[in-house]
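Trainee: Hi, have you got a few minutes to go through this model with me? I'd like to start with some of the odd spots and then step back.

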Amino acid sequence: MRKLCLVITLLFCVMNVFCQNRFFVTIQLPENIDSSKLMMAYDDGKAEMPIKRYKTNRNHIEISEIFYGRMAAIILRYPKSINSQYQNSFFVSVKPARIELDSCAPDASPFDKYKLTNAFDFKKDKEGLLDNDAEERKMISGLLMLDSQRNDHSEDSVLSLKLNLYNVALLEKDLTYLLKNNNSYYSFWFFRRNIVPASIRTADSLLFIFNSKFPKEFKETEEGNTIRKRLFGRMALEARALAPLFTSQAIGKKKIVLSEFRGKRNVLIVFWATWCKPCLHEIPIIKQIRDKYSEKDLEIIYVGYPSDYSTYLSFIKQKKMNWTHIYNDIDLINAYGGYKAIPRIYLINTSGKIIYNKDVDDLYDEQLKNLKDMLESIIPKPIS
């Protein structure tokens, strides 16, 4: 019966229900807020995105963007200190909305007092979560402060282990709270943003929670489809099953269809970013691999996370990264588990099966020895 439920869910996922809307929001800032320091983003139901379409006149900001969820989340951030910032999120839909921030003291959050029109803050839900995991947050804050006071910058494995344990405990408590308040859209939104990407539960157990606990009006949306896609992607990666299929547009307008490589060539997919130092350390190794195997045997696809686009293009050219590049394709990234830690590298054989996962096979090896060995075992040597 459970297998049948998974098949039905997968069929719904494949149908890829598509629904997009547009929001219009006006943000009014008080005079004591420096608008140039305000950082704005929005969650469109698939991922967090920078706000690009806006007009500003002094402290009056007008925003309009596309979104796919039941609501869009406007995420505002403002510097608190060198290493921290104030933050709040406000939720809007298709009705024109207004967020009017009131004046605040210099040492207070600019997002504590406000007036909302056709916008929602889900304040009760946020406070409930904060009360629920207050102990874990306090412990994590103390450990982070202890780490910042260290004189040397070497990694403390004991401290890292403690931080990981408290982070897991915090998310488990959050999940318990969400399931008690599963009829709230904020719980559904928080589940997608914070629980689905985490490794506190297996992908199939999270899929079971998603299917059985949240209302139909939340699940049967493009936002719900995104959750399914991410979890099915994680399940494929964890089981080393058939790689999630995708169609995408590469740099240079080349269309990439993963299924077209079946029976023809192996595919190496690398998720990376120009700001990721471990990713940069591995580029020379990938260049060696590119030089060793022809494109007839091995297709190399680099999937870039968000960064400054002009910097991204010039970096590729400067480093002579002569292979296929796809920039920030959110659907593709979600199909492979979402915006997880990078670099991530997967090798897909000619049958379409994932046979190598860097996070398991070469987790601490920047030289990618096991990947090299795997390639040598599956790609025939040319006859001399």
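Mentor: Happy to. Keep in mind that this is a predicted model. Let's begin with N328, which counts as buried because its relative accessibility is 15%, under the 20% cut-off.

Trainee: Okay, and where does N328 sit?

Mentor: N328 is in the loop between β15 (324-327) and α11.

Trainee: What is the phi of N328?

Mentor: About 45°, a positive value, although N328 is not a glycine. Most residues other than glycine have a negative phi.

Trainee: Which loop holds N118?

Mentor: N118 lies in the loop between β9 (114-117) and β10. N118 has a positive phi of about 55°, and again N118 is not a glycine.

Trainee: Is N118 buried or partly exposed?

Mentor: N118 is partly exposed, with a relative accessible area of 35%. N328, as we said, counts as buried at 15%.

Trainee: Switching to the backbone: which residues does the cis peptide bond join?

Mentor: The cis bond joins I342 and P343, with omega at about 5°. Most peptide bonds are trans. P343 is in the loop between α11 (330-335) and β16 (344-348).

Trainee: Which residues does F271 contact, setting aside those within four places in sequence?

Mentor: Both I342 and P343 are on that list, so to speak of the cis bond is to speak of F271's surroundings too. The other partners of F271 are C279, V303, Y305, L332, I333, Y336, R344 and Y346.

Trainee: Where is F271, then?

Mentor: F271 is found in strand β13 (residues 266-272). F271 is buried, with a relative accessible area of 0%. Its C-alpha atom is separated from that of Y336 by 9.5 Å, and the two residues are 65 apart along the chain.

Trainee: Let's move to Y302. Which strand is Y302 in?

Mentor: Y302 is in strand β14 (residues 298-304). Y302 is buried, at a relative accessible area of 2%.

Trainee: And what does Y302 touch?

Mentor: Not counting residues up to four places away in sequence, Y302 touches V270, W272, I283, I286, M321, W323, T324, H325 and I326.

Trainee: Tell me about M321. Where is the place of M321?

Mentor: M321 belongs to the loop between α10 (309-318) and β15. Even in that loop, M321 counts as buried, at 2% relative accessibility. Leaving out residues up to four places away in sequence, M321 touches W272, I283, Y302, F315 and I316.

Trainee: How far apart are the C-alpha atoms of M321 and Y302?

Mentor: They are separated by 9.3 Å, with their positions 19 residues apart along the chain. For another distance from Y302, L368 is 16 Å away, C-alpha to C-alpha, and 66 residues away in sequence.

Trainee: One more residue: is E65 buried or exposed?

Mentor: E65 is buried, with a relative accessible area of 7%. E65 is in strand β5 (residues 60-67). Beyond residues up to four places away in sequence, E65 touches N21, R22, F23, Y42, P50, I51, K52 and R53.

Trainee: How far is E65 from L258?

Mentor: Their C-alpha atoms are separated by 30 Å, and the residues are 193 apart along the chain.

Trainee: Now the big picture. How many helices and strands are there?

Mentor: The protein has 13 helices and 17 strands. Of its 384 residues, 48% count as buried. Among contacts between residues at least 6 apart in sequence, 67% join residues at least 24 apart.

Trainee: What about the radius of gyration?

Mentor: It is 23 Å, which agrees with the value near 21 Å that a compact globule of 384 residues would have. The C-alpha trace spans about 75 × 55 × 45 Å along its principal axes.

Trainee: And the surface and charges?

Mentor: The accessible surface comes to about 20600 Å², and 54% of that belongs to carbon and sulfur atoms. There are 57 positive and 46 negative side chains, and the centres of the two sets lie 5 Å apart.

Trainee: Last one: where is confidence lowest?

Mentor: In helix α1 (residues 2-15), at a mean pLDDT of 37, while strand β10 (residues 119-120) is highest at 98. Over residues 1-18 the pLDDT is below 50, and this stretch has 23 contacts in the model beyond near neighbours in sequence. The protein averages 89, with 92% of the residues scoring at least 70.

Technical notes
Residues are numbered from 1 along each chain as its sequence is written. This is a predicted model: local features need pLDDT of at least 70, side-chain atom pairs count only at pLDDT 80 or more; totals for chains, interfaces and linings use all residues. Side-chain values use heavy atoms; hydrogens and water are left out. pLDDT is the predictor's confidence in each residue, from 0 to 100. Helices (H or I, at least four residues) and strands (E, at least two) are DSSP runs, numbered from the N terminus. Contact means heavy atoms within 4.5 Å. The radius of gyration is taken over C-alpha atoms; the globule rule is 2.2 Å times the number of residues to the power 0.38. Buried means under 20% relative accessible area, exposed over 50%, partly exposed in between (1.4 Å probe, protein chains only). Accessible areas come from the Shrake-Rupley method with a 1.4 Å probe; for residues, only the protein chains shown count as cover. Lys and Arg count as positive and Asp and Glu as negative; His and the chain ends are not counted. The place of a charge is taken as NZ of Lys, CZ of Arg, CG of Asp or CD of Glu.
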